[in-house]
Amino acid sequence: MASPDDEATGSSRSSIDPPSTDEVFAALRTVIDPELHVDIVSLGMVPDVSIDGGTVTVSVKLTIGGCPLRAEIKKEIESRVGVHPGVDVVRIDWGEMTPEERSEVMGRARRRAQEQAPETAVPARCRVIAVASGKGGVGKSSITVNLAAGLAERGSTVGVLDADIWGFSVPRLLGMSERMEAAEVDGRPRIIPNRREIGSGVLEVVSTGFLVEESTALMWRGLMLTKAVEQFLNDVDWGDLDYLLIDMPPGTGDVQMGLARMLPRTEILVVTTPARAAQKVAQRAADMARRSFLPVIGVVENMSAFICEHGDSYELFGSGGGAELASDIGVPLLASIPLEPALSSGGDNGDPVVLRSEGSAASALRDLVSQIVEQVAPPRDSDVDMSGCSARLLEAVAAALDES
Ligand SMILES: Nc1ncnc2c1ncn2[C@@H]1O[C@H](COP(=O)(O)OP(=O)(O)OP(=O)(O)O)[C@@H](O)[C@H]1O
Ligand SMILES: [Mg+2]
């Protein structure tokens with residue numbers, strides 16, 4: 001039974017002091033942006049809070065106006081702030097960030113992720129590049145192994161992580177099939193990558209293909225993809241790598257999120273075909289990056305015009321898709337790799353075409369290797385411009401969505 005005191009409390013909320021601005025900010029610090037995994041205050045999404053009696057108005061700047069997570073953020077803010085006994089109404093004043101603010105937020109989220117990233121067995125000074133695409137079958141694995149082989153040929157120690165856990169193709173593309181061994185390293189059991197020496201460098205390769213037969217790989221479907229990748233990052237004795245290249249599976253959302261958490265310094269190389277289906281691809285690639293805020297270093301167009309022995313060029317898969325995507329997301333088009341039977345047969349024989357002295361695909365791939373080594377500097381935290389970061393991708397998605 002309610003006592004007279006209880007009734008008085010229930011009917012006179014306004015007699016309770018409203019929260020202070022600090023208290024509201026403290027409550028807002030518990031609201032975590034569902035995509036960036038950092039609280040909205042630290043991200044700079046809350047420029048202002050005003051309190052008028054029991055009414056609290058929170059100004060929130062979204063990364064993009066049409067942010068699909070707006071409802072989720074609203075609900076969180078209302079419940080976290082509204083729980084204070086002195087609050088009757090929570091109002092939200094929505095705004096949208098300028099491109100500069102958006103870049104700043106992405107930078108902050110990335111730094112935060114870097115601070116919070118768990119330690120992995122991947123050496124701190126090694127550059128991590130994940131090869132991804134919006135679509136399957138565009139040549140991610142072929143580009144990954146050729147890039148790795150090209151880097152090794154120049155004398156680097158290159159880790160290759162086949163993150164395509166059940167669709168692995170790296171072992172075949174590199175002509176490697178030995179089982180991976182485990183060994184005790186520094187008192188801990190570790191997976192030892194399979195090695196292949198190339199020129200003065202070496203590849204250290206890890207793939208589920210070294211653990212299971214190709215025909216039984218399907219049984220691994222139930223395995224949590226991200227867990228497997230996590231384990232490869234943690235439990236492999238990578239040694240002292242100069243580069244780690246990651247061959248991403250098609251439809252990479254989960255793995256990419258895992259990488260963003262475990263190895264936030266991962267740079268993304270986006271592979272696309274020349275077909276001008278750029279809008280769709282841009283949306284998918286952009287969506288991945290938006291969810292994981294990993295920096296995109298450039299676009300590689302693969303299966304570009306086939307040049308026949310007479311020098312005639314055939315644009316079997318259209319043209320312009322790579323340039324279009326690169327300009328949409330504001331990153332350089334690093335290479336156009338022609339469609340060439342040698343690339344495919346090299347893959348079948350475990351002989352990356354980049355190691356051949358002749359052929360236009362080989363020279364385009366070598367040029368890509370040089371660009372990665374010499375020109376495409378790894379993004380630094382202090383990069384204010386961050387023109388290749390996902391904030392630009394965000395704009396591209398927003399534009400693409402507006403158009404459609
Ligand atoms: N430039 C090229 N010229 C000729 N064939 C190519 C070229 N690039 C890739 N291929 C062939 O296309 C097929 C798909 O390539 P690959 O496996 O590298 O793509 P992927 O994006 O990794 O595919 P998935 O999404 O299934 O992992 C392979 O048979 C490969 O040999
Ligand atoms: Mg592949």
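## Notebook: a walk through the fold

**Overall picture.** I began with burial: 45% of the 404 residues of the protein count as buried. I remind myself that this is a predicted model. I then looked up the secondary structure and found 13 helices and 15 strands. For contacts with a separation of 6 or more, I noted that 78% join residues 24 or more positions apart.

**The core.** Next I turned to the nonpolar residues. In soluble globular proteins, nonpolar side chains tend to be buried together. Here I found that the largest nonpolar core has 94 residues. Val131, Ala148, Leu203 and Leu245 have the most contacts inside this core. I checked the domains too: domain 1 (18–97) and domain 2 (122–403) each give at least three residues to the core.

I picked Leu245 for a closer look. What does it touch once neighbours within four places in sequence are left aside? I listed Ile129, Val131, Thr144, Leu147, Ala148, Val158, Gly159 and Val160. Two of these contacts, Val131 and Ala148, were already on my list of core residues with the most contacts.

**Around ligand 1.** I looked up the shell and found 21 residues surrounding ligand 1. The closest are Gly136, Gly139, Ser141, Ser142 and Ser344. Which elements give two or more residues to this shell? They are helix H5 (140–153), strand S12 (296–304) and helix H11 (341–348). I also sorted the shell by residue type, and my tally reads seven nonpolar, eleven polar and three charged.

**Helix H11.** Since H11 is on the shell list, I stayed with it for a while. Leu343, Gly346 and Gly347 are buried in this helix. Down the axis of H11 these buried residues fall within an arc of 100 degrees, so they line one face of the helix. That buried side packs against H5, helix H6 (170–173) and helix H12 (360–375). On the face turned away from the buried side I noted the exposed residues Pro341, Ser345 and Asp348. Just after H11 comes glycine 350, with a positive phi of about 75 degrees.

**Helix H2.** I tried the same reading on H2 (residues 21–28), where Val24, Ala27 and Leu28 are buried. They sit on the same side of H2, because they cover an arc of only 100 degrees around the axis. What covers these buried residues includes strand S1 (48–52), strand S2 (55–62) and helix H3 (70–82).

**Positive phi outside glycine.** I then checked two residues with this backbone feature. Methionine 303 is not a glycine, yet its phi is positive, at about 65 degrees. Its place is in strand S12, one of the elements in the ligand 1 shell. Is methionine 303 buried or exposed? I count it as buried because 27 other C-beta atoms lie within 10 Å.

Aspartate 186 also has a positive phi, near 50 degrees. I found this residue in the loop between strand S6 (181–185) and strand S7 (188–192). Aspartate 186 has 6 C-beta neighbours inside 10 Å, so it counts as exposed.

**A last stop at glutamine 256.** I placed this residue in helix H8 (residues 253–262). Glutamine 256 counts as buried because it has 26 C-beta neighbours inside 10 Å. I also looked up its distance to alanine 163: the pair are 93 residues apart in sequence and 9.9 Å apart in space, C-alpha to C-alpha.

Conventions: Residues numbered from 1 in each chain as written. Chains lettered and ligands numbered in written order. Predicted model: local features only at pLDDT ≥ 70, side-chain atom pairs only at ≥ 80, totals over all residues. Helix = DSSP H or I, 4+ residues; strand = E, 2+ residues; numbered from the N terminus. Buried ≥ 20, exposed ≤ 12 C-beta atoms within 10 Å, placed from the backbone. Near = placed C-beta within 6 Å. Nonpolar A, V, L, I, M, F, W, Y, C, P; charged D, E, K, R; others polar. Core = buried A, V, L, I, M, F, W, Y, C linked by C-beta atoms within 7 Å. Domains from an automatic or database assignment. Contact = placed C-beta atoms within 7 Å. Arc of directions from axis to C-beta.
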